[in-house]
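Colleague: I would like a close look at one part of this model, namely the side chains that pair up with one another. Please take the aromatic rings and then the charged groups.

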Amino acid sequence: MKLEAVFWDYPKFLDEQFLRSFLEENKNSEIFSWLMTRFLEHGRATDALSLFTIEEISALLPSLRLSDYAAAKWQRLVEVYASRPRG
C-alpha cells in the first residue's frame, strides 16, 4: 500500500496496521471523513478500496471536500462498483 502519497505529512499514518486500527476506532467521527478525503484525493483507488467499502465512500462522498477531478473520479467508481454483484 502506498501510504507515503497520502500521509507524507503525518508519519504515524504510514504504519498500515496502525491506520486500520485507527480507522476502525474512529468510524463514526469527523477524522474518518478526513482520512477518507485524504485517500480519495491523494491515494490509489485500489488502496482506498482496501480500507473503505464502496458503501462508505458512497455515503460520505457528497459531504467530502474533494477537487472536482477527484469527486468526478470517485462518483464514477461508486457508480461502477456499487452496481456490481458481490461474489
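Modeller: What follows goes through the aromatic rings, then the charged side chains, and then a pair of helices. Keep in mind that the model is predicted.

Start with the rings. The count of aromatic pairs comes to ten. One of them is Tyr10 with Phe13, whose ring centres are 6.3 Å apart. Their planes stand at 50°, and because an angle over 60 degrees would be needed for edge-to-face and one under 30 degrees for stacked, this pair is called tilted. The two partners differ in how much of them is open to the outside: Tyr10 is partly exposed, at 34% relative accessibility, whereas Phe13 is buried, with a relative accessible area of 2%.

Another pair is Phe39 with Phe52, and this one is edge-to-face. Here the centres are 6.0 Å apart, with 70° between the planes. Where do Phe39 and Phe52 lie? Phe39 belongs to helix 2, which covers residues 30–42. Phe52 is in the loop between helix 3 (45–51) and helix 4 (54–60), so the pair ties together parts that are 13 residues apart in sequence. Phe39 is buried, at 1% relative accessibility, and Phe52 is buried too, with a relative accessible area of 1%.

Both of these pairs belong to a wider group. One aromatic cluster is formed by Phe7, Tyr10, Phe13, Phe18, Phe22, Phe32, Trp34, Phe39 and Phe52.

Next come the charged side chains. Arg38 links the two topics, as its charged end sits over the ring of Trp8, 4.7 Å from the ring centre. Arg38 also forms a salt bridge with Asp9, in which the closest N and O atoms are 2.5 Å apart. Arg38 lies in helix 2, while Asp9 lies in the segment before helix 1 (16–25), so this salt bridge ties together parts that are 29 residues apart in sequence. Arg38 has a relative accessibility of 11%, and because anything under 20% counts as buried, Arg38 is buried. Asp9 is partly exposed, at 37%.

How many salt bridges does a search of the whole structure find? The search finds six. As a general point, side chains of opposite charge can pair when their charged atoms come close.

Besides the bridge already described, Asp47 forms one with Arg44, with the closest N and O atoms 3.0 Å apart. In this pair Asp47 is buried, with a relative accessible area of 6%, and Arg44 is partly exposed, with 41%.

Arg76 forms a salt bridge with Glu79, where the closest N and O atoms are 3.6 Å apart. Both residues lie in helix 5 (residues 68–82), three residues apart, which is about one turn of the helix. Glu79 is partly exposed, at 43% relative accessibility. Elsewhere, Glu24, Lys27 and Glu56 are joined into one network by salt bridges that share partners.

Last, consider helix 1 and helix 2. Their axes come within 9 Å and cross at roughly 135°. Angles over 145 degrees would count as roughly antiparallel and those from 65 to 115 as roughly perpendicular, so these two helices are oblique to each other. Their crossing is left-handed.

Conventions:
Residues numbered from 1 in each chain as written. Predicted model: local features only at pLDDT ≥ 70, side-chain atom pairs only at ≥ 80, totals over all residues. Heavy atoms only, no water. Phe/Tyr/Trp six-rings, centres within 6.5 Å; stacked < 30°, edge-to-face > 60°. Buried < 20%, exposed > 50% of the residue type's maximum accessible area, 1.4 Å probe, protein only. Helix = DSSP H or I, 4+ residues; strand = E, 2+ residues; numbered from the N terminus. Lys NZ or Arg CZ within 6 Å of the ring centre and 35° of its normal. Salt bridge = Lys/Arg side-chain N within 4 Å of Asp/Glu carboxyl O. Axes fitted to C-alpha atoms, helices over the stretch in contact; angles between N-to-C directions. Parallel < 35°, antiparallel > 145°, perpendicular 65-115°, else oblique. Left-handed = near helix turned anticlockwise from the far one by under 90°.
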